[in-house]
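I opened the model to look up a few items and noted each as I went. The entries follow in the order I made them.

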Amino acid sequence: MKKTLLSQTFFGTLALLSVANGSALADPSPNLPNGPGQCVPTQQMLPNGSFRTIYVGHPCPNARPAMPNQTTVGDTTTVITSPSLFAEKDPFVSPAQATNLLPNFDGNLFDGNGVEMPNTLPSSAAHPYNLHETPQVSSINEASPETDLVHIFKLLKQDKDEIGGGKVSGKGSHITEKRLPGESRLSSQQLAERALDILEGNSIPDRVYSGISVLHYKGPEKVAKVDKDTKNVNIHQIWYGSHIEADAAFIDVSEVKEEPFTITYTVDVLHRGEDDFSPMVMYFDDPALSMPGMPPMPHTSMDTTFFPMFDGKRYIFKMKMPPGKYYNLSYTWGWREHPPRGQVTENAAKTLPNEAGVPRTMVQWEQDVFGMAPSASVENKLAAIAKIGELAPEKRMWQSARKAAGYADDTSTLPGAPPSDVEIRALMDEALAAFDDWGHRTRLPRGVQPDPDADATLFYANNTIYGQMKGGGIAELSKWRVRGSNVKITLLNGDHFLHSYLSPDFGGSRGWENQFQSTKDIGGSGCWFTFGRFQWWMNAGGPFGMINVPPVDGVGLDGIPSVHKLDFTMNYEPSTRLRMYQFDPVHHETAIFSLH
């Protein structure tokens, strides 16, 4: 049955007709730039036949093209993306002469009303770090979930009933004797329970990552609200291996819609976490420009800093933000492991329709899957973890550790007698193989096969995304250089709940601007890897042309992942910084797989 998505005209309509949603619109800022093509006053006809003035052209919003043409037949969605605003030219031949590279504007951006958006100039020659002061830096224990889990698994594999004596060598060996700090002569059962504490995000002494889980089931509990008095919200992140994890997946900005606010990040850089701190923020245009009952329109996005960080250090950044009404999401990413190193906090109040067409906030989407309080009891926790598919490497580690601790199955609330040493060794072989898969999200885990016809195969598992390029290797979509290129993506869902797909355009069709100055003098990597500032748009899946991927068929390792295929015709040249950002819009936090 052929289904043409009506929502493909959603932003196309808004691009032609913008109306007030009942609130008063602000007057343009007195310092509104008036250079050639900058913030050009434009008369826009409203549905009642009257006209109003909006402002178009960087550093105001550039024109918005019609939405992509998106059609679904069976399990395949065909997309012809929006056209470019710029002349055709391969941007990779001479990036500095790319037609979609916008002229640098050394100031804040402006919304469609011509109103200045404070705290939207991340970097300038005079102030390379314009949105934060020098961070506070202190030393911490760099032990990570990765270092501790691999040591526990290896200790259990060579276990006698009582663990003691012996050394484990090598950098990052934080369980230096066959025991955990402050504890001696741990049984195999106790070590397996400690592995479960790490995987489940339970409280763990002497670990800065305590409470942050490897299994991604805690979304309903990860809401941080901006305080109405301090105008600040706190977020704790841990960086290690190929991972960024956090205690917040959603930010409630309801108390600061008309006021600038701050996000205070406490970033703990654990073993193999060294990178540049770069929370990239996506902003909407003023919601008052949208039709009543419709979401705000895409406007701009930017890396708000690009600050070098090193293992074994805690960094505290206080990032300046514009008024909350513009806030869409923050995407913290690390270029040294990108993908998969990325973590997102979404605007908690955003909504997307479920399969019944009922609008659900981002938090409600998590609650509908994992319950209201997944950590409140053992029963809640087990029910939430049951939603994660068995092909997920994180779930396979968890199942192995549970069996080693003596739990009969995934639903048992109390352990019984632990298995024999021989059985534990076999379980740890499985745990270590899953551990290896978990550390390599740019390849598909064991038991999952790529689509040989796809440029990239993405696999939803553990509420995140694993991916693999055709032929393997780095996540680079080098075939797409100019408009007209065909890109094929295959989606597989291994979880026991629905996932979705959305791909925005990071400035290819509407333009992007280089921003950051070199940070080489303080040990950074210069400006080559930032996203700068760009005007974002949609490739596929938005709003509300949901591209949904049903749950896995069956339980256990024999479950058959569901499949959905995408066939893109890319109708513009990409930004040279990133070709395709891809994510699950209803479970976004770490369900991301970008293609450079």
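Is Lys 381 buried or exposed? I found Lys 381 buried because its relative accessibility is 13% (buried is under 20% relative accessible area, exposed over 50%, partly exposed in between, with a 1.4 Å probe and protein chains only).

Before going on, I noted that this is a predicted model, in which local features need pLDDT of at least 70 and side-chain atom pairs count only at pLDDT 80 or more, while totals for chains, interfaces and linings use all residues. Residues are numbered from 1 along each chain as its sequence is written, and side-chain values use heavy atoms, with hydrogens and water left out.

Entry on Lys 381. I placed Lys 381 in helix α5, residues 378-385 (helices are DSSP runs of H or I with at least four residues, strands are runs of E with at least two, and both are numbered from the N terminus). The side chain of Lys 381 has a polar contact at 3.3 Å with the side chain of Glu 200 (a pair of N or O atoms within 3.5 Å, one able to donate a hydrogen and the other to accept it within protein; residues adjacent in sequence count only if both atoms are side-chain atoms). Not counting residues up to four places away in sequence, Lys 381 touches Glu 200, Asn 202, Tyr 217 and Pro 374 (contact means heavy atoms within 4.5 Å).

Entry on Tyr 217. I followed the contact to Tyr 217, which sits in the loop between α3 (188-200) and β9 (223-225). Tyr 217 is buried, as its relative accessible area is 0%. Outside its neighbours within four places in sequence, its contacts include Glu 200, Phe 370, Lys 381 and Ile 388. I also looked up the C-alpha atoms of Tyr 217 and Lys 387: they are 8.2 Å from each other, with the two positions 170 residues apart along the chain.

Entry on α6 and α7. How do the axes of α6 and α7 cross? The axes of α6 (residues 393-405) and α7 (residues 421-438) come within 8 Å and cross at roughly 160°. Therefore α6 is roughly antiparallel to α7 (angles over 145 degrees count as such). I listed the residues in contact, among them Met 397 and Ala 404 of α6 and Leu 427 and Phe 435 of α7.

Entry on the whole chain. I counted 7 helices and 32 strands. Of the 596 residues, 60% count as buried. Of contacts between residues at least 6 apart in sequence, 74% join residues at least 24 apart.

Methods. Axes are lines fitted to C-alpha atoms, for helices over the stretch in contact, and angles run from 0 to 180 degrees between N-to-C directions. Angles under 35 degrees count as roughly parallel, over 145 as roughly antiparallel, 65 to 115 as roughly perpendicular and the rest as oblique.
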